[in-house]
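Student: I am new to this structure and should be grateful for a close look at a single part of it. Please begin with one residue and its surroundings, and then proceed to the wider setting.

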Amino acid sequence: MSPELLEIVVWIVKVHVIFLGMVGVAAITTLAERKVSAWMQYRHGPNRVGPQGLLQPLADGVKFIFKESLVPDGANKWMFRFAPALAAAPAMLTVAVIPFGPDVTLFGITTPFSIVDLDIGLMYILAIGGLSVYGVIVGGWASNSKYSLLGGLRASAQMVSYELSMILAILSVVAISGSLDLREVVMQQKTLGEWNILYQPLAFLLFLIAAFAETNRHPFDFAECEPELVSGFHTEYSAMRFALFALGEYCAMIVMSSVAVALWFGGFSVPFLPEAHWALGIVAFCAKVSCFLFLFLWVRWTLPRFRFDQLMNLGWKVMLPIALVNLFITGAVISFAPQLKSLWNGLVNGAS
Amino acid sequence: MVIVRRKELSLRERLYLPEIARGLSITFRKLFEKPITRQYPEEPLPKDEVTRGQPRLVVKDDGNIACVSCGMCEIACPAYAITIDGGETDRPIEREPKKFEIDMLRCILCGFCEEACPKDAIFMSDELELADYSRAALIYDLEKLKRPKSALQKRIDYVYRLNNRWRKSSSTS
Ligand code: SF4
Ligand code: SF4
């Protein structure tokens, strides 16, 4: 086989493994969501399909596929059909640049375990990820229902407010690692002491809060807000179209968790074992991402929803200034590092 | 006029995060607690003699039902669930029902039939489950209502106990 052909085959295999893996994990997360919520409320959760209810996502999938997919009479038919895909696709596209593991060696072929390694991977994630809100807005608008429209509008306002703080938080990390390439950022955090969480805890906190808002999760799920908007932007959706919205949400959760792990928690590096086998690296990455996914569920079943004005206040009056100051201090420390060092040395020497 | 006093939030509370952590720790602890939901078909409902299930007719030890088709229960029934067609028999009691039907969809499990019966012929059993595919199938006839006395013995004893207490208190007054 010629090297070019081999490369294409490897690439196709990687796309399938990573993409199907992600959809699988998204399905499992839906089950985990129901199980975790049940356990937190002294219930059992789904336990009828398969052992301990493990096949529940499969049953849900079959049901979603076979149910009738209604299109309301007054809806804009094409937009209505298009919106779920528009909501789910960006999350699935962003997964392409996530570095799930170090260089993998199988059958004598060595390849990095991510679909592509973009130099501007973070830019790509932010740019494409930001598009997912269009699916929500278009879906809300095309449904021709007041609740859906309000849900879509809220989603857009929320997205604009929180994307800013999120980008600023990510920039702080980019500033200290000097790269937009996720793999590069991960490579710089080989040992526990190098994890960015130690240097940028505030940025992590900001990112985490913004990530909850970006993925439309509790306590910021204003786009669906059941008590006020029935079900928000997907009120009129049913069957597989509805499932696509959910799939998009869960994929976005996985991507956000992966970004957080890669930027702050050393990505696929194994604590205390800097030279670990690649398989261990992938396991470490998955374990870290699972912790974050659990956090998403955990928060959802703990906190009540914010009020919309509180959300906006938090976004513009608290998060944005803190993110700006954090970035400013980071930049100042980096650019004046030599002077600070000499000043410190001078102080230490003077004292001694 | 109602004056709602809002609690002044401390700095710690206004920071949200410590309070959120507190909430999270509570829900995390609940994760490991035993569910209190009953897994219904596998874990049946608790029953004892106080359980007022569906009414059933007593079949005495000699194989005959105790009912004399007096119609008291039919009259007592607030839901008009009971339909009795009286008939004659050669036994000393002379009468027994030719037809005795309880429409289980109408029965409200009030127990009035049990109270009204002068012959201790109808009692509330502990049977609670009621499901079928047609309405007609839920109109129970004699054959479906008959239960051996032993199956209802606990309830019968209980009712006797109740009634005795009532008798005592009324005789003293
Ligand atoms: S329990 Fe009440 S409603 Fe049911 S048959 Fe007896 S008297 Fe009628
Ligand atoms: S009250 Fe008792 S004896 Fe009279 S008809 Fe009803 S079940 Fe039979």
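Tutor: The residue chosen is Arg56(B), which lies in strand β1 of chain B, a strand that covers residues 55-59. The model is a predicted one, and the description that follows should be read accordingly. Is Arg56(B) buried or exposed? With a relative accessible area of 2%, Arg56(B) counts as buried, because the cut-off for that class is under 20%. The side chain of Arg56(B) has a polar partner: it makes a polar contact with the side chain of Glu127(B), at 2.9 Å.

Which residues does Arg56(B) touch, once its neighbours within four places in sequence are left aside? Glu127(B) appears again in this list, together with Ala121(B), Ile122(B), Phe123(B) and Ser125(B). Arg56(B) is also in contact with Met104(B), and with Tyr140(B), Lys144(B), Leu145(B), Arg147(B) and Leu152(B).

From this residue one may turn to the place where chain B meets chain A. There, 17 residues of chain A are in contact with 17 residues of chain B. Tyr42(A), His44(A) and Trp298(A) together supply 39% of the area that chain A buries against chain B, more than any other three residues. The area buried between the two chains is about 1600 Å², and carbon and sulfur atoms give 68% of it.

Charged and polar pairs also occur between the chains. One salt bridge is counted between chain A and chain B: the side chain of Arg48(A) meets that of Glu42(B), with a distance of 3.1 Å from N to O. The count of residue pairs in polar contact between chain A and chain B is 10, with both residues at pLDDT 80 or more. On the side of chain A that touches chain B, the elements giving two or more residues are α1 (3-40) and α11 (278-300). The residues on that side of chain A divide into 12 nonpolar, three polar and two charged.

Chain A as a whole completes the picture. Its secondary structure comes to 13 helices and two strands. The radius of gyration of chain A is 22 Å, close to the 20 Å given by the globule rule for 352 residues, so chain A is as compact as a globular protein of that length. Along the principal axes, the C-alpha atoms of chain A fill a box of roughly 80 × 60 × 45 Å. Of its 352 residues, 48% count as buried. Among contacts in chain A between residues at least 6 apart in sequence, 77% join residues at least 24 apart.

Definitions and conventions:
Residues are numbered from 1 along each chain as its sequence is written. Chains are lettered from A and ligands numbered from 1 in the order in which they are written. This is a predicted model: local features need pLDDT of at least 70, side-chain atom pairs count only at pLDDT 80 or more; totals for chains, interfaces and linings use all residues. Side-chain values use heavy atoms; hydrogens and water are left out. Contact means heavy atoms within 4.5 Å. Buried area is the accessible area (1.4 Å probe) that two parts lose on being put together, summed over both. A salt bridge is a side-chain nitrogen of Lys or Arg within 4 Å of a carboxyl oxygen of Asp or Glu. A polar contact is a pair of N or O atoms within 3.5 Å; within protein, one must be able to donate a hydrogen and the other to accept it, and residues adjacent in sequence count only if both atoms are side-chain atoms. Helices (H or I, at least four residues) and strands (E, at least two) are DSSP runs, numbered from the N terminus. Ala, Val, Leu, Ile, Met, Phe, Trp, Tyr, Cys and Pro count as nonpolar, Asp, Glu, Lys and Arg as charged, and the others, Gly among them, as polar. The radius of gyration is taken over C-alpha atoms; the globule rule is 2.2 Å times the number of residues to the power 0.38. Buried means under 20% relative accessible area, exposed over 50%, partly exposed in between (1.4 Å probe, protein chains only).
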